[in-house]
Amino acid sequence: MAEDSDLERTEPASPKRLDEARKKGQVPRSHELTSFSTLMVGLVAVITTGPDIYAAMKQVMVSALSFNRTQIWQSQLMSEQLYELSRIALIAILPIFAACALISIITPIMIGGWLFSMEALGPNFGRMNPLSGIGRMFSPRTVIETIKTVLKSGLIGGIAAWLMWNEKEQFISLLAMAPESGFAMAWQMTRHTLLLVVSTMAVIALIDVPYQLWDYYKGLRMTKEEVKQEGKEAEGDPHVKGRIRQLQREAARKRMMSEIPKANVVVTNPTHYAVAIRYDQQMRAPTVVAKGSFLLAERIIEVAKDHKVVVIRTPPFARALYHHADLGEEIPTALYTATAEVLAYIYQLELYRKEGGFEPVLNTDLPVPPELDPESGISDV
């Protein structure tokens, strides 16, 4: 049962899965919304520019049906007149075409956003398989789309037929009307019919848009196993990550070792911990340039001795520095006094080695707060 649940697509699509789908040209689209918006904008454009279109078409009809003897015998004049009338008609209806074309581009962007995918334009030889094509023809998605198209066509066609049937007497009366009056009434009936059809398509679009969004995200759902696998890929191979961390530690250790010769002193536990401290007049406070425990502590001590860096045994102070001072950071304020005594001893020792005199003695009871020493109250080993 657990294996079956892992194979069921119950998990929402991850951002990576959605991004991959977009790269393939897969975004939610609603053809019903596009059809509705295009027809609605076209109808509004027709109503808005109706008087201009009527005037232009009237001019075209009058000019087309009017000719003289000269035009009959000169075909060139007839061609010029045809070109001019075509230009007038095209200019009259061009705003409608432009508005419909623009809204047909904007509407899909409202749902799925702007998308231009070269991968979607590439050839897909898998679609050339006849068996796959037959499978798509009888897939649940195709059946649903077919049923939806039939219902939509039947609904819109039925409403238009019902409206025309109710107005059949007005259609018949158009035959007895003057052209001016007949055209006005015909336009009013057509506009009424189109408004009712557009209203019906608006209801269909309101139903189709949520369905298309639900179907899109449902098709991209993932199994629990796919989610786990994607998480592993995002995190990377554990072996590779382990190797990277190892290389990073080695690089950090090399940088740390290169800083030891610049240190003023190395304080030790003596064998458990070793911390190298550096301070000069440009620094605001002494800084820990190297620290380590056990084998690394021994290596720090060896490098310090090789470069003539003073190594002193101060167990509580060394433990406190190791546990509370980060590498490359200034020492804690609570350890300023102890550090000052150690550095003062180092300066006195350097002066003694250069000029002689009395050899300085380090105070073994450094002022280290007990709460900073993890082994406070425990004898040093």
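Here are some worked exercises on this structure, which is a predicted model.

**Exercise 1. The largest nonpolar core**

Task: Find which members of the largest nonpolar core touch the most other members, and which elements supply the core.

Solution:
- Step 1. Start with the membership: the largest nonpolar core holds 24 residues, and Val 265, Val 267, Ile 312, Phe 317 and Leu 321 touch the most other members.
- Step 2. Now turn to the elements. At least two core residues come from each of β3 (265-268), β4 (273-278), β6 (310-313), α14 (315-324) and α15 (336-355). The biggest contribution is from α15, with 6 residues.
- Step 3. Take a closer look at Ile 312. Beyond residues up to four places away in sequence, Ile 312 touches Val 265, Val 266, Val 267, Thr 268, Val 342, Tyr 345 and Leu 362.
- Step 4. Keep a second core separate in your view: apart from the largest one lies another of 15 residues, including Ile 260, Ala 263, Val 303 and Val 309.

**Exercise 2. Helix α14**

Task: Work out which residues of α14 are buried, and name elements that cover them.

Solution:
- Step 1. Select α14 and pick out Pro 315, Phe 317, Ala 318, Arg 319, Ala 320 and Leu 321, which are buried.
- Step 2. Look at what surrounds these side chains: the cover over the buried residues of α14 includes β3, β4, β6 and α15.
- Step 3. Link this to the first exercise: Phe 317 and Leu 321 are also among the residues that touch the most other members of the largest nonpolar core.

**Exercise 3. The second largest pocket**

Task: Describe the second largest pocket by its volume, its lining and the character of that lining.

Solution:
- Step 1. The space in this pocket comes to about 200 Å³.
- Step 2. Its lining is made up of Ile 144, Lys 148, Leu 151, Lys 152, Leu 155, Val 203, Ile 204, Ile 207, Asp 208 and Tyr 211. Two or more of the lining residues come from each of α8 (140-166) and α10 (179-219).
- Step 3. Sort the lining by character, and you get 7 nonpolar residues, no polar ones and 3 charged ones.
- Step 4. Now visit Gln 212, which sits in helix α10. Among the contacts of Gln 212, leaving aside neighbours within four places in sequence, is Lys 148, a lining residue of the pocket. The other contacts counted this way are Arg 29, Ser 30 and Glu 145.
- Step 5. Is Gln 212 buried or exposed? Its relative accessibility is 13%, so Gln 212 counts as buried.

**Exercise 4. Pro 108 and Thr 34**

Task: Show how Pro 108 of α5 and Thr 34 of α3 are placed.

Solution:
- Step 1. Locate both residues: Pro 108 belongs to helix α5 (residues 75-112), and Thr 34 to helix α3 (residues 31-64).
- Step 2. Check their burial against the cut-off of under 20%. Pro 108 has a relative accessible area of 19% and is therefore buried. Thr 34, at 19% relative accessibility, counts as buried too.
- Step 3. List contacts, skipping neighbours within four places in sequence. Pro 108 meets Arg 29, Thr 34, Ile 103 and Gly 113, while Thr 34 touches Ser 104, Thr 107 and Pro 108.
- Step 4. Finish with a distance: Pro 108 and His 31 are 77 residues apart in sequence, with 8.3 Å between their C-alpha atoms.

**Exercise 5. Annotated spans**

Task: Compare the record's "transmembrane region" entries with the model.

Solution:
- Step 1. An unreviewed UniProt entry lists residues 36-57, 88-116 and 194-214 under this name.
- Step 2. In the model, residues 36-57 are 100% helix and 0% strand, with end C-alpha atoms 27 Å apart.
- Step 3. Residues 194-214 are 100% helix and 0% strand, and their end C-alpha atoms lie 30 Å apart.

Note on methods: Residues numbered from 1 in each chain as written. Predicted model: local features only at pLDDT ≥ 70, side-chain atom pairs only at ≥ 80, totals over all residues. Heavy atoms only, no water. Core = buried A, V, L, I, M, F, W, Y, C linked by side-chain atoms within 4.5 Å. Buried < 20%, exposed > 50% of the residue type's maximum accessible area, 1.4 Å probe, protein only. Helix = DSSP H or I, 4+ residues; strand = E, 2+ residues; numbered from the N terminus. Contact = heavy atoms within 4.5 Å. 1 Å grid on protein atoms, 1.4 Å probe; cavity = no way out; pocket = protein on both sides within 12 Å on 5 of 7 lines; lining within 4 Å. Points joined across faces, edges and corners; volume = space filled by probe spheres on them. Nonpolar A, V, L, I, M, F, W, Y, C, P; charged D, E, K, R; others polar. UniProt positions renumbered as here; feature names shortened; annotations may be inferred.
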